Amino acid sequence: MAIDTLLERINDYANRPDPYPLYAELREAGVARQTDGSYLIGAYHDIMALLHDPRISADRRNLAAPYRGLPQEEEQISLIVLDDPEHHRLRSLAMRPFGPPHSPGRLDAMRDEIAQIAEELIEAFDGRARIDIVDDFAYPLPVSVICRLLGVPREDEPVFREWSATIIDSADIKPGADPTERRRVGGRARVEMGRYLVDLAEQRRGHPRDDMLSAFVNEPDPAGLLTREELAATAVLLLIAGHETTVNLITNGVLTLLRHPGQLERLRREPELLPNAVEELLRYEPPVHMRQRTPLANIDVAGTTVPKGVPLVLMLASGNRDPNRFRDPERFDPTRPDNQHLGFGSGIHLCYGGPLARIEAQIALAALIPRLGTTTLVQDPPPYRRSAMLRGPRHLPIEL
Amino acid sequence: MPDDLREGRIVIVGASLAGLRAAETLREEGFTGSLTVIGDEPHPPYDRPPLSKQVLLGRMAADAAALPMRRDPDAEWRLGVRATGLDPVGKQVLLADGESVTYDRLLIATGTRARPWRNADEAALDGVFTLRTRDDAGRLTERLAAGPRRVLVIGGGFTGSEIASACRERGIEVTLAERGPGPLVGALGGTLSMLAAGLQRAHGVDLRCGVTVTALRGNGRFTGADLSDGSRIDADVCVVAMGAVRNTEWLAEAGLAAGPRGVACDAGCRAFNMYGIVTDDVFVAGDAARFPHPLFEYQMLSLEHWGNAVTQAEVAAHNMVSPEPARRPHLAVPVFWSSQFGLNIKSVGVPTFSDQVVIAQGSLDERRLVAVYGYRGRITAAVTVNMAKWLEYYQGLIETAAPFPPGPGAADGRPLVAAFPIPSNVPDPKGLFHGPTVALTGYLPDRRLTVVRPAD
């Protein structure tokens, strides 16, 4: 089939269970221009170079007019779609209550709590012959963790679940489609979700608790304060990114291990391999398959000139299976050395929550693996979520 | 690999970063013969970068900087004994304790030492220090912890600037005397030197540029120094940070091309003898080596960089146990870093190999920037200040001899600045004929090849 319809085929829901042959086709082509004018990049070294290229913008407002859609009335722009220096300023402020240098011990201090959440979810499996890894484990775990970390009431999950789904759908990379309407619906959900989170934060002004929303509004250094709009955009981003991706990582992890019983058995015997196994999962079945960027100048990629202003889609999941970078890339190998995968991206937008996702996945799988002794998959492949970008099973029923 | 390369006796002189990494690599490459590592310091290999940073701040003990070993190199360690001579005919390294060690192949990794103050009596004053070894760092840290009234740092290079930074962070008054027009000017040129000078003054450093120290004063104990502008500094600690001297004196009689600028070698780390003939069994790596680099018009480079010690040692070790067609060139692009006054400075390429510089991203005002250096229209170096994540991109431009100035389009670039490169204000490298440009290609060390493009 023609290479210029590749993104359409990747987005075709029928290809969700196994997009990897399409990625191989992409790497074969090098750079693939699509009929709608966007460009796909699938080779590891090309993607890596572009993620470190200052002429590549994460800000969609730099797209040329035909790709941009109509301007929105009220638009919430978070650091993930901003360039430096704004991106750097916001990311540094968002990092203050989350990681080094201001909060170096924050995540480590959550290990016990995460393990306890995992244990409680697993205890609820008792007496049940069949469970759904997504609904019963991989979704509630990161939701509980991010709620705790941000300071969002866990019981509000049904409230933000819908906003989150709408926003995810609006941010999906879809070829050809006019983004205006999707962005309008997504934008409205962002504004509502942002208002909800800012209200929560405002309740903690002057009454700080041990959570990030409290830290954001009670920051003593005036230079460290986010504006109301920045707080809304950042909190929405953290809440969504904090669980919608980790659910895929954990679910893909269980699915991959059940498909590789020898490796599952090995990890049961040698749990010290788990951190390495999680890295391999991030390579082999990453939660985020692609990111979109915009060149600010005509740039040369593997001998092809990609014009300024076009949508440039970096297929991270394809780079992760590039035989020019990884030996035997189609093999799931929890002991793989030199595994500098693109599961968290690279460069200045390297996943902010990566350290948390690692800890969650390691603890989740460590707790689950002993229970997967005689487990079988009810359905293989399982039903997938709609998105080709945030790819993962919608449900993963297993028999215990 | 032929058995005669896999076996035999290898001696490494120098038990620091390059020596250790070479020893490990030799074993990784399948060397099964006897391996001896000789070091004049009594300590097992340790890491030096923290000595002027975390150690001086008291956040890390001087003796806690041991280098982690990637594997046990299964070597005989002769520590605390200095190599005093080399007999290339008898293939022996002579030691200060009168013994000698025989080798089939030798690696010279003796590195550098701190340049001492020129007047030995003044240098012997209590309170006068240099900073190179972990013992130096331990003694200096102890003195800083005692709360001196003022520290005088002589020399505004990276080490001197880092020492001044540590003093200010500890709340100690510090005067820095620099002979050139500004701190770091020798390494980074005029533009970034201005940034460094402003930063030091903003952090309360009493910065004196364009002056030399003419005498250290004291009676047994250091009490102050005279400067060439006629002024006098009262201080009770003095750190001499005037660069390094290469440890090559022990090779004076060895017939090698060894001197104050290092031991000359080819791109495969084989030492040249005094007639310019390459040796078969003597290799050099790390700060002691002087090697030709194709990206910099084959000029002989001697680098005092952590990263160079590692990669050059790995190449040298590989070549020591590999037959000629399998040998590799040491083509790594030089990289180094420094942290001082809250800034993270990283450099790729050779900033001194330049005639112009532009700020390609960020700005001096933000104290976040990428400075790109060019020489005769191609990019030869880049220095990032608090923007290290972009370094890789500029390394690619250096490796492919991309045109200077870099094209516009950086998301956070200042097009007006980028359009007007200014002189880089480093000493212009000596006039050269218009030669070919050379690009590095390939991703894996064993696939690095040079592609020579004829000059236009």
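1. A good place to begin is the sheet in chain B: five strands make an open sheet, in the order β9-β16-β10-β11-β12, and their pairing is parallel. At its edges sit β9 (128-129) and β12 (206-209) of chain B, each of which pairs on one side only. Please keep in mind that this is a predicted model.

2. Next, look inside that sheet. Strand β10 of chain B, residues 150-154, runs parallel to strand β16 of chain B, residues 237-240, and four bridges join the two. To find one of the pairings by eye, start from Leu152(B): its bridge partner in β16(B) is Cys238(B).

3. Which helix lies across β10, β11 and β16 of chain B? That is α5 of chain B, residues 158-169. Its direction makes an angle of about 165° with β11(B), the strand spanning 173-178.

4. Staying in chain B, have a look at Leu184(B), in the loop between β11 and α6 (185-188). Its phi is near 65°, a positive value in a residue that is not glycine. Is Leu184(B) buried or exposed? Leu184(B) counts as buried because 26 other C-beta atoms lie within 10 Å, and the cut-off for buried is 20 or more.

5. Chain A has a residue of a similar kind to look up. Ala302(A) has a phi near 45°, again positive in a residue other than glycine. You will find Ala302(A) in the loop between β6 (299-301) and β7 (304-306) of chain A. With 13 C-beta neighbours inside 10 Å, Ala302(A) is classed as partly exposed. As background for both residues, most residues other than glycine have a negative phi.

6. Two peptide bonds in chain A also deserve a look. The bond from Asp84(A) to Pro85(A) is cis, with omega near 5°, and Pro85(A) sits in the loop between α4 (65-68) and α5 (86-95) of chain A. Pro100(A) and Pro101(A) are likewise joined by a cis peptide bond, with omega about 0°. Pro101(A) belongs to the loop between α5 and α6 (111-123) of chain A. For context, most peptide bonds are trans.

7. Finally, how many residues does helix α12 of chain A have? The helix has 17, covering residues 228-244. From first C-alpha to last, α12(A) reaches 24 Å, close to the 24 Å expected at 1.5 Å a residue. The helix is mostly covered, with 15 of its 17 residues buried. When you trace it, remember that an α-helix has 3.6 residues a turn, so residues three or four places apart point the same way.

Terms used. Residues numbered from 1 in each chain as written. Chains lettered and ligands numbered in written order. Predicted model: local features only at pLDDT ≥ 70, side-chain atom pairs only at ≥ 80, totals over all residues. Pairing = 2+ DSSP bridges. Contact = placed C-beta atoms within 7 Å. Axes fitted to C-alpha atoms, helices over the stretch in contact; angles between N-to-C directions. Expected span 1.5 Å × (residues − 1). Buried ≥ 20, exposed ≤ 12 C-beta atoms within 10 Å, placed from the backbone.
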